[in-house]
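This report looks at how a nonpolar core, a helix and a set of paired strands fit together in one model, and then turns to its cysteines. The sequence and the structure are shown first.

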Amino acid sequence: MIEHIYDELNIGDMDYVEKTITETDVYQYAGITGDFSWLHVNEVRSRQGHFKKRVVHGMLLVGLISNVIGNRMPGAGTIYETQDIRFLKPCFINDTIRAQTEVLEKLPRGRVKLRTSCFNQFGELILDGVAVAIPPRDHIIK
């Protein structure tokens, strides 16, 4: 676990996690949230939909962003305050996603503005957004 306090952060600092999204991930997310839309879990019905196959829940990808914010950049002890998101392209089962954050601005009252992004295995930007987070003021992890 990484812990960057507010005073240590610089504009341009970034970090990421990568994960291949499996069918199991989709079903577990559906079970936790109750979102069993055919778009995500019904292979036959999804062939009739816009994307012609099942798509991963967009909010599962946002969960990967939360992983980066809470564990890598800024890291442990960070409080998520706001998130604006644009879903640009679908994520499909077995896509490998790179979720990342980048410090865009240090704001008053100990907050930071972060660019939040997800890219697929082809380097295509599939989710783009901006978050405001409150990193810890002091180190807790020794």
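Two strands are taken to pair if DSSP finds at least two bridges between them. In this predicted model, β3 and β4 run antiparallel and are joined by 9 bridges, while β4 and β5, also antiparallel, are joined by 8 bridges. Within the pairing of β3 and β4, L107 stands opposite R111 of β4, and in the pairing of β4 with β5 the bridge partner of T116 is G129. Both pairs are hairpins, and their turns are set out below.

| Hairpin | Residues between the strands | Residue with positive phi | Phi |
|---|---|---|---|
| β3 and β4 | 3 residues | R109 | near 60° |
| β4 and β5 | 5 residues | G123 | about 80° |

The strand shared by these hairpins, β4, is mostly covered, with 7 of its 9 residues buried.

**The nonpolar core**

The largest nonpolar core has 28 residues, and those with the most contacts inside it are I21, V56, L61, C91, I97, A99 and C118. At least two residues of this core come from each of α1 (23-33), α4 (58-71), β3 (96-107), β4 (111-119) and β5 (125-134). Of these, α4 gives the most, with 7 residues.

In α4 the residues L60, L61, V62, L64, I65, V68 and I69 are buried, and what covers the buried residues of this helix includes β1 (14-20), α1, β2 (79-87), β3, β4 and β5. The length of α4 agrees with expectation, because its 14 residues at 1.5 Å a residue should span 20 Å and its end C-alpha atoms are 20 Å apart.

**The cysteines C91 and C118**

Leaving aside residues up to four places away in sequence, C118 touches L61, I65, I97, R98, A99, E124, L125, I126 and L127. With a relative accessibility of 0%, C118 counts as buried, and C91 is likewise buried, at a relative accessible area of 2%.

How many disulfides does a search of the whole structure find? The search finds 0 disulfides. For C91, the closest cysteine sulfur is that of C118, and because the two sulfurs are 8.0 Å apart they are too far from each other for a bond; the cut-off for a disulfide is a pair of cysteine sulfur atoms within 2.5 Å. Seen from the other side, C118 is in no disulfide, and its nearest cysteine sulfur is that of C91, 8.0 Å away.

Technical notes. Residues are numbered from 1 along each chain as its sequence is written. This is a predicted model: local features need pLDDT of at least 70, side-chain atom pairs count only at pLDDT 80 or more; totals for chains, interfaces and linings use all residues. Side-chain values use heavy atoms; hydrogens and water are left out. A nonpolar core is a set of buried Ala, Val, Leu, Ile, Met, Phe, Trp, Tyr and Cys residues joined through side-chain atoms within 4.5 Å. Buried means under 20% relative accessible area, exposed over 50%, partly exposed in between (1.4 Å probe, protein chains only). Helices (H or I, at least four residues) and strands (E, at least two) are DSSP runs, numbered from the N terminus. Contact means heavy atoms within 4.5 Å. The expected span of a helix is 1.5 Å times one less than its number of residues.
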